[in-house]
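Me: Please take one helix of this model and look at it closely, following it outward to whatever packs around it. I would like one connected account, with the cut-offs stated wherever a term depends on them.

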Amino acid sequence: MNKFIFINFLLGLILFISPIKMFADTALDVYMNDFYSKSNEASRILKDIENSLKDGSRKKVCARQREAARLGILANKSLIRAFEIEGTKPPMEVIKASQQRWESILNEC
């Protein structure tokens with residue numbers, strides 16, 4: 001009985017003291033999550049604006065468009081940073097096209 005308790009105590013102590021890597025997000029995960037959350041939020045805002053316009057409401061359209069554009073631009077920056085961390089070349093043509101789209105939304109209102 002004492003041997004069993006001692007072995008359990010020793011195993012618990014080893015597991016507690018030993019350096020175990022936790023399941024933390026890496027820098028790449030942080031930037032990719034930021035990209036997805038911001039781009040999804042921006043798309044959701046634009047979809048809400050579209051639905052509002054279909055219903056005949058123009059309430060705060062420009063302010064919401066600017067917010068969506070700001071989020072889209074920040075999402076692109078996070079995506080570029082994620083590619084840099086990964087050490088791969090980002091698809092700049094696609095990112096530039098997206099950037100131009102968000103900037104046009106920002107500037108047209």
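Reply: The 28 residues of H2 should span 40 Å at 1.5 Å a residue, and the end C-alpha atoms of H2 are 41 Å apart, so the two values agree; the expected span is 1.5 Å times one less than the number of residues. This is a predicted model, in which local features need pLDDT of at least 70 and side-chain atom pairs count only at pLDDT 80 or more, whereas totals for chains, interfaces and linings use all residues. Residues are numbered from 1 along each chain as its sequence is written, and side-chain values use heavy atoms, with hydrogens and water left out.

H2 belongs to a chain with four helices and zero strands, which reads α-α-α-α along the sequence (helices are DSSP runs of H or I with at least four residues, strands runs of E with at least two, numbered from the N terminus). Of the 109 residues in the chain, 21% are buried, where buried means under 20% relative accessible area, exposed over 50% and partly exposed in between, with a 1.4 Å probe and protein chains only. Among contacts between residues at least 6 apart in sequence, 69% join residues at least 24 apart, a contact being heavy atoms within 4.5 Å.

Within H2, the buried residues are Phe-35, Ser-39, Ala-42, Ile-45, Leu-46, Ile-49 and Ser-52, and they pack against H3 and H4. Ser-39 is a polar member of that set worth following in detail: its relative accessible area is 16%, which is why it counts as buried, and its side chain reaches the backbone oxygen of Tyr-36 at 3.3 Å. That is a polar contact, meaning N or O atoms within 3.5 Å; within protein, one must be able to donate a hydrogen and the other to accept it, and residues adjacent in sequence count only if both atoms are side-chain atoms. Glu-41, also in H2, has a relative accessible area of 30% and is therefore partly exposed. Glu-41 and Glu-67 are 26 residues apart in sequence, but their C-alpha atoms are 9.7 Å apart in space.

After H2 comes Gly-56, whose phi is positive, near 95 degrees. In the loop between H2 and H3 lies Lys-60, which has a positive phi of about 55 degrees although it is not a glycine; with 60% relative accessibility, Lys-60 counts as exposed.

H3, residues 61-86, has 26 residues and reaches 37 Å from its first C-alpha to its last, close to the 38 Å expected. Two packed helices are described by the angle between their axes and the distance between the axes. H2 and H3 pack at about 160 degrees, with their axes 8 Å apart, which makes H2 roughly antiparallel to H3. Here axes are lines fitted to C-alpha atoms, for helices over the stretch in contact, and angles run from 0 to 180 degrees between N-to-C directions; angles under 35 degrees count as roughly parallel, over 145 as roughly antiparallel, 65 to 115 as roughly perpendicular and the rest as oblique. The crossing of H2 and H3 is left-handed, that is, the near helix is turned anticlockwise from the far one by less than a right angle, clockwise being right-handed.

On the H3 side, Leu-71 gives a view of this packing: it is buried, because its relative accessibility is 9%. Leaving aside residues up to four places away in sequence, Leu-71 touches Lys-38, Glu-41, Ala-42 and Ile-45. Leu-71 and Phe-35 are 36 residues apart in sequence and 9.2 Å apart in space, C-alpha to C-alpha.

The buried residues of H3 include Val-61, Ala-68, Gly-72, Asn-76 and Ala-82, and what covers the buried residues of H3 includes both H2 (27-54) and H4 (92-108). The axes of H3 and H4 come within 8 Å and cross at roughly 160 degrees, so H3 is roughly antiparallel to H4. The crossing of H3 and H4 is left-handed, and the residues making the contact include Ala-69, Ile-73 and Leu-79 of H3 together with Ile-95, Trp-102 and Leu-106 of H4. H3 is followed by Gly-87, whose positive phi is near 85 degrees.
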